Structures are given as C-alpha cells and as structure tokens.
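Let's take a look at a protein with a ligand bound to it. We'll start with the ligand's contacts and then step back to the domains.

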Amino acid sequence: MNDKADVVIIGGGINGCALAYELSKRDKSVVVVEKKHIAAGATGRCGAGVRQQWSTKENALLAKKSVEIFEQLNEELDADIDFRQGGYLIAIHDEEDMKQAKKNVEMQRSIGLPVRIIDRDEIKEIIPILDPDGMEAIGATFCPTDGHADPFKTAYAYAMAAMKRGTKFYKFTEAKKIKTRNGGIESVVTDRGEIKTNIVVNAAGAWSRQVAKMAGLEIPNKPVRKEALVTEPIKRIFDAMVISFKHGIYFSQMSHGQVLGGIPSPEEKVGYYTEPTFSFLQHMAYMLGKYAPILKQVNIMRQWTGFYDVTPDALPILGEDARLKGFIHCHGFSGHGFMIAPMVAKLLAQLITGEKLDLPIDRLNIDRFKGKVIKEKSVVG
Ligand SMILES: Cc1cc2nc3c(=O)[nH]c(=O)nc-3n(C[C@H](O)[C@H](O)[C@H](O)COP(=O)(O)OP(=O)(O)OC[C@H]3O[C@@H](n4cnc5c(N)ncnc54)[C@H](O)[C@@H]3O)c2cc1C
C-alpha cells in the first residue's frame, strides 16, 4: 500500500473515479480508498439519467458541460460507456407547473440548451406509449440532448483510465480517521494502513457526513433511502426518459430493452435503511400503468435500494472547507450526482491543482448554508 499521495480520495463512486482520472491527467499522485468495490454506493444503483433541465443555473451549467464531456468520453477514456441521447420529457401538470416550466426553459435556453415546451399531442408524438390523461399532463418540457449513460461502465472507464496514469485504487479499504495538524490535513488512516497527504477529498456519497466528522467537520447532509426497479427486456418502444416532479416518477428504456425507473416509496426513510419495500413495487407499478398503459403487460424482474445524499437545497457541496485546509467537499449530490460528475471532477481537479476554473463553484461551497439558500426545484424521486 502507498504510504503517501498528493491527494487521497475517499469513495470509489462515479465522483471519486472521475476526479481520480482528472487529477492523474494533471500528474498528481492519487490514492482512492473504497470500503467496498467501485460503484458499490449510489453509482451502481442509479437510474443512469443525464438531464440538463434544472431550475438553478448552477446545476443546468454543470449538467450541460458534463453532457459535452459525455459526448466525447468514449474516445477520451478508450471505452464504451453506452451514452445515448434520447431526450428527457418532463410532465407539466397544471398552470403553476407551467409558470415554473416557462421560467426554467427561459434560463435553460439562455445558456444554449435546446429545450422547449410541448403540448399533449407532441407528448404522444415523441413517446407514443404515453397517456397524457393518465399522466395528468397539460404539456411537458423536452430536451433532445438529455439522455443516459451506463453508471457501471462510466465509473469503471474513469477508474481504469486513472489507473493507467498511476492512480492506486484500494478496494475493500475503509477510511477510519483523518489526522489534522495546524489547520491542515496530515494523513488518512484506513483499516489497511496510513497514507500521508495534505489533500483529502470527501467523495463518500451518503457516508459523507461520517467522513467529514473524521476531520472534525459538521455537514448538513442526510442519507435518504430510494428504491428503483427494472423490468424484463422488451422491444424498443421509447427513447426518452419520462419524469414528473409532482409524482416523483422517472422511467426510461435501457439499451438492452429493460424499463428502469423509480418513485418515492410510501415508506421512504431518512437513515441507513436498505430493505426494499412491497409498497414501492405496488405504487411504482400503478403509476407506470397510468403513465404508459402498455407497460402493465411487462414483468418486473428486480428491485433495489440506494441512498440519495441530500443537502438542504438539493445542490451539491463542492470545494475546499475554509475551516480545514486541504479538505475538499465532493458530495451532497441529492439524487443527481451521476449526470454532473464529469464536470464536477474537472472543476475540482482544476481547483486542487491551482488552475483557473472553467466555471465558478463558490456558490456551491459549504459556507452557503450560513445564509439563505435557494433550493433546486427540479428534483424527482
Ligand atoms: C435509486 C437511485 C436513482 C438515481 N438516479 C440517478 C440518475 O438517474 N441520474 C443521476 O445523475 N443520479 C442519480 N442518482 C444519484 C447518483 O447515483 C449519485 O448522486 C451518484 O452516484 C453519487 O456518486 P458518488 O461517487 O458521489 O457517491 P457513491 O456512488 O455513493 O460512492 C461513494 C462511495 O464511498 C464509499 N465510502 C463511504 N464511506 C467510506 C469510507 N469511510 N471509506 C472508504 N469508502 C467509503 C462507498 O462505499 C461508496 O462506494 C440516483 C441514486 C439512486 C439511489
């Protein structure tokens, strides 16, 4: 085991792996410690969606810039991450929704996203299996450059590319303690040994609060149990991800034909609850049938749980902590940390190496919770 590194990243999910790659590209010596295996946390349990339609400019820009990276990631990482751009269709249910949608679309178009508001007829043109009555939709927003990528393939592709550049991944290795001295980092103590470093990245997903505590820092994140399911594979019948902020539902068809989706369970809980519930299955099956009646014929194959790492404003916490030099936050993704990981990783690598940042991230710093926070409204499930 390496006993020193320029940067130690705690967590081998998409964010830890992508950041390891971006740092290794910049010639930093990096160690990633992961208590289980790559993508064992939320990354390997996620809905694979890549959406740029957000209510806050911070998220919309992070997602747009990430899509630009996703578009050429196969080439960059010499891999196949299964990135497809079938679009995202977001239901609008009433006049209040419409008002917010118009506001969102205006901001999104101002940064160059090809988003538009569509009527009920166009919903059926884009996804013929949808029933606008069952959806209780008066319209929708649609962005054709939104899409999906395979979270396992993407995380592994980043990890492999980082390893080729010298990053060490220590799997089944748990960070236990972060030693500090004179307001800075001294080392990370794991259950397999100690690694001296001056920079630690907290990319521990739903466990980020415990990792912050190891360095004596409090953060406001909460783990929330989410559930998802996948059906048997069927012939391709739709390309876009369908979502509703009101119902919390999202679903799409994967590249091998399965329909994957989720919705908040009636028994949703804050805390480390991993048991799947039958009430989720019932609720999701009922709502899927309302949105797309033909899916009532399809068998569900599997359900699982995973955690959102939720912050008070549903925006991630990024950047160095003013209370402890070298402690970098990279967590709090509140259910959308896969889709923005490519750009987050690039920005944090720029921050760590002292480069000029392509986008400002000051508004995503931990310090924002001292003042009034502006909540991201476009969240599902
Ligand atoms: C059901 C579900 C659906 C989702 N759908 C989407 C979606 O469609 N699109 C999207 O963008 N996002 C989605 N998300 C959210 C997305 O999965 C996460 O935001 C993202 O994967 C977070 O990645 P991460 O690398 O930050 O954290 P994680 O993937 O959770 O990785 C953190 C890692 O840290 C490790 N770890 C924790 N503590 C320690 C320690 N002390 N020592 C060593 N290792 C440690 C864990 O084992 C874990 O592997 C979904 C999440 C869920 C649960």
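A polar contact here is a pair of N or O atoms within 3.5 Å. Keep in mind that what you see is a predicted model.

With that cut-off in hand, try Phe338: one of its backbone N or O atoms lies 3.1 Å from an oxygen atom of the ligand. Backbone atoms of Gly41 and Gly47 pair up with the ligand too, and here are the three pairs side by side.

| Backbone partner | Ligand atom | Distance |
|---|---|---|
| Gly47, N or O atom | nitrogen | 2.8 Å |
| Phe338, N or O atom | oxygen | 3.1 Å |
| Gly41, polar atom | oxygen | 3.4 Å |

So how much of the ligand does the protein bury? Taken alone, the ligand exposes 1000 Å², and the protein buries 97% of that.

Now for the shell doing the covering. There are 37 residues around the ligand, and the ones that come nearest are Glu34, Thr43, Gly47, Gly337 and Met339. Gly47 also turned up in the table, with its backbone 2.8 Å from a ligand nitrogen. Sort the shell by residue type and you get 18 nonpolar, 14 polar and five charged residues.

Which elements give two or more residues to this shell? They are α1 (14-25), α8 (208-214) and β17 (300-310). The largest share comes from β17, with three residues.

Time to zoom out. The protein is divided into domain 1 (7-46 + 152-220 + 313-370) and domain 2 (88-144 + 222-310). Why does the ligand lie between these two domains? Because domain 1 and domain 2 both give residues to the shell around it.

The C-alpha centres of the two domains lie 30 Å apart, and 15 residues of domain 1 are in contact with twelve residues of domain 2. The size of an interface is often given as the accessible area lost when the parts come together. For domain 1 and domain 2, the buried area is about 1100 Å², and carbon and sulfur atoms give 50% of it. On the domain 1 side, Arg45, Ala206 and Ser334 lose the most area to domain 2, together making up 43% of what that side buries.

Technical notes: Residues numbered from 1 in each chain as written. Predicted model: local features only at pLDDT ≥ 70, side-chain atom pairs only at ≥ 80, totals over all residues. Heavy atoms only, no water. Near = heavy atom within 4 Å. Polar contact = N/O pair within 3.5 Å; in protein donor to acceptor, adjacent residues only side chain to side chain. Areas by Shrake-Rupley, 256 points an atom, 1.4 Å probe, with all protein chains shown as cover. Helix = DSSP H or I, 4+ residues; strand = E, 2+ residues; numbered from the N terminus. Nonpolar A, V, L, I, M, F, W, Y, C, P; charged D, E, K, R; others polar. Domains from an automatic or database assignment. Contact = heavy atoms within 4.5 Å. Buried area = accessible area lost by both parts, 1.4 Å probe.
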